[in-house]
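Open the model in your viewer and switch to a cartoon view. Keep the sequence panel beside it. We will move from stop to stop.

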Amino acid sequence: MDKLIITGPSQLKGKIRVSSSKNSSLPIMVATLLSENIVTINNLPKLRDVSTMLKLLKNLGAEIEEKDDGKVVFNTCKLNSYEANYEMVKTMRASFLVIGPLLARYGKASVSLPGGCAIGARSIDIHLDGLAKLGAEIDLRGGYVHASAKKLKGAEILLSFPSVGATENLMMCASLAEGTTVIKNAAREPEIIDLANFINKMGGHVYGAGTSDITIEGVKSIRTEVDYIDYNVIPDRIEASTYIIAGIITNSHIVVENVITKHMDAIFDVLKNMGANFKIISPEKNINNAHANENDIVEIFPRVEGVELKGIHVDTAPYPGFPTDVQAQLMALALSANSPSVITEHIFENRFMHVPELNRMGANILLKGNSAFIEGNTKLTAAPVMCTDLRASAALILAALVAECETEICRVYHLDRGYEFIDRKLTNLNVLVKRVPGGPF
Ligand code: UD1
């Protein structure tokens with residue numbers, strides 16, 4: 001398993017471009033299972049999770065062509081399997097999303113119970129309750145969910161929690177159910193809107209994505225008269241946040257391009273309250289911008305002399321609240337504030353696996369229930385540390401940027417799941433980073 005070795009403290013400079021959203025790309029790739037047309041996705045990020053999903057779709061019989069220019073063409077007109085096996089699903093929870101579209105298109109699906117990041121129970125009851133409301137019979141046997149339906153019928157489905165995955169699964173499944181489905185208490189994340197836009201572009205009818213009530217008018221088949229369907233996935237707001245925090249934590253001047261800043265209001269509010277110095281440049285203000293459809297740019301500046309970062313109290317929440325996927329990175333930043341912080345995690349149990357690792361680097365973070373009490377003014381020192389899940393790993397990278405000497409970060413495959421070209425992007429930002437092929441651990 002590869003290691004990253006980062007020599008700190010780093011002074012960042014330069015610009016980087018944010019990649020396409022992992023959390024949009026995965027459900028969008030799954031949604032190609034609904035289509036009776038050939039579909040091209042223009043900008044999938046080169047990530048381990050994307051490769052895993054490509055493999056899963058190929059196993060189901062999808063014909064997939066990865067072009068030299070980065071476009072990926074999906075032909076799911078003829079599939080030959082309705083089963084997503086344990087080997088596939090255990091490495092990535094998002095694999096479970098195939099159950100909705102497979103069931104809708106072929107009347108049956110067998111999908112292994114999911115694995116993925118080791119961050120709590122992450123059950124699938126909300127997915128299964130919703131599929132049952134649409135008329136599916138669900139049978140749990142041998143570690144698999146076997147779902148079948150002679151006919152799926154639209155229904156009103158009230159989610160007990162606005163689960164992102166369940167909202168996506170049900171939106172896809174209901175797109176081919178007879179009649180109208182209303183998902184109440186739906187997740188409102190930008191990735192949900194992206195998926196709805198994609199389904200609609202393929203010929204589906206999803207309305208209200210981005211609000212708590214999503215209406216889906218079922219259709220007999222998802223197809224369009226247009227020969228060529230292509231789609232651009234939105235930029236990754238979590239990757240953007242991570243690099244923006246990298247600029248702030250190192251008190252550097254950097255530019256982060258390709259950001260949809262309106263997806264990140266809660267994050268910018270917290271960073272502003274902490275005293276971070278940054279500017280958002282929208283395309284019309286950005287006169288150097290040659291691209292018509294360009295997104296925003298975020299420029300991070302060193303703090304004005306004498307201004308220090310302040311501690312914060314933050315609670316994670318479903319969108320539009322502060323995202324759980326930036327909790328670990330924010331905690332790394334809070335270590336350099338001039339006063340204590342409290343961060344409370346409300347989405348996942350056990351999403352504090354970065355805490356013992358940060359403490360090994362000299363942090364003083366105390367966990368009580370689902371809250372972390374973080375002492376500020378911490379001088380971090382390098383230590384060998386281990387990635388445990390995707391976002392925990394991002395926090396370790398941020399800590400390594402400010403720690404003296406060489407921090408050795410093991411098990412970087414977690415990072416490779418969600419951060420495209422991370423070593424190259426850090427190098428471009430003037431970070432001394434090298435990847436060392438590791439042994440089995
Ligand atoms: C997605 C994101 C992940 C993000 C999370 C919350 C992808 C690929 N992953 O994960 O990065 O951290 O949203 O923003 O998009 N739950 C249940 N029963 C269910 C479903 C969920 O109890 O049937 C619970 C989970 O255990 C968890 C919480 O609900 O505690 C949130 O889960 P969910 O919103 O479904 O997250 P994911 O879709 O897995």
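Select I5 and E408. In this predicted model, E408 in β23 is the bridge partner of I5. Now widen the selection to the strands β1 and β23. They run antiparallel, and five bridges join them. Strands of a sheet pair through backbone hydrogen bonds, either parallel or antiparallel.

Stay on E408 and add P384. Within β23, E408 is the bridge partner of P384. Show strand β22, residues 384-386, next to β23. Here the two strands run parallel, joined by three bridges.

Next, add helix α12, residues 390-402. Together β22, α12 and β23 make a β-α-β unit. Which hand does this β-α-β unit have? It is right-handed.

Now click C405. This residue sits in strand β23, which covers residues 405-410. C405 is not a glycine, yet its phi is positive, about 75°. Most residues other than glycine have a negative phi, and most peptide bonds are trans. Keep both halves of that rule in mind for the next stops.

Select G8 and P9. The peptide bond from G8 to P9 is cis, with omega near 0°. Where does P9 lie? Look in the loop between β1 (3-8) and β2 (13-17).

Jump to Y319 and P320. A cis peptide bond joins these two residues as well, with omega about 15°. P320 is found in a loop too, between β18 (313-315) and α10 (327-334).

Go to N185. What is the sign of phi at N185? Its phi is positive, about 60°, although N185 is not a glycine. The residue lies in the loop between β11 (180-184) and α7 (190-202). Is N185 buried, exposed or partly exposed? N185 counts as partly exposed, because its relative accessible area is 28% and that class runs from 20% to 50%.

From N185, step back into β11 and show its sheet. Four strands form this open sheet, in the order β10-β11-β13-β12, with mixed pairing. Its edge strands are β10 (156-158) and β12 (206-207), each pairing on one side only.

For the last stop, select β11 and strand β13, residues 214-217. These two pair in the antiparallel sense over four bridges. Zoom in on I183: which residue of β13 stands opposite? I214 does. Turn the view and follow the side chains along a strand. In a regular strand they alternate between the two faces of the sheet.

Notes: Residues are numbered from 1 along each chain as its sequence is written. This is a predicted model: local features need pLDDT of at least 70, side-chain atom pairs count only at pLDDT 80 or more; totals for chains, interfaces and linings use all residues. Side-chain values use heavy atoms; hydrogens and water are left out. Buried means under 20% relative accessible area, exposed over 50%, partly exposed in between (1.4 Å probe, protein chains only). Two strands pair if DSSP finds at least two bridges between them. A crossover is right-handed if, with the strands pointing away from the viewer, the path from the first strand over the helix to the second runs clockwise.
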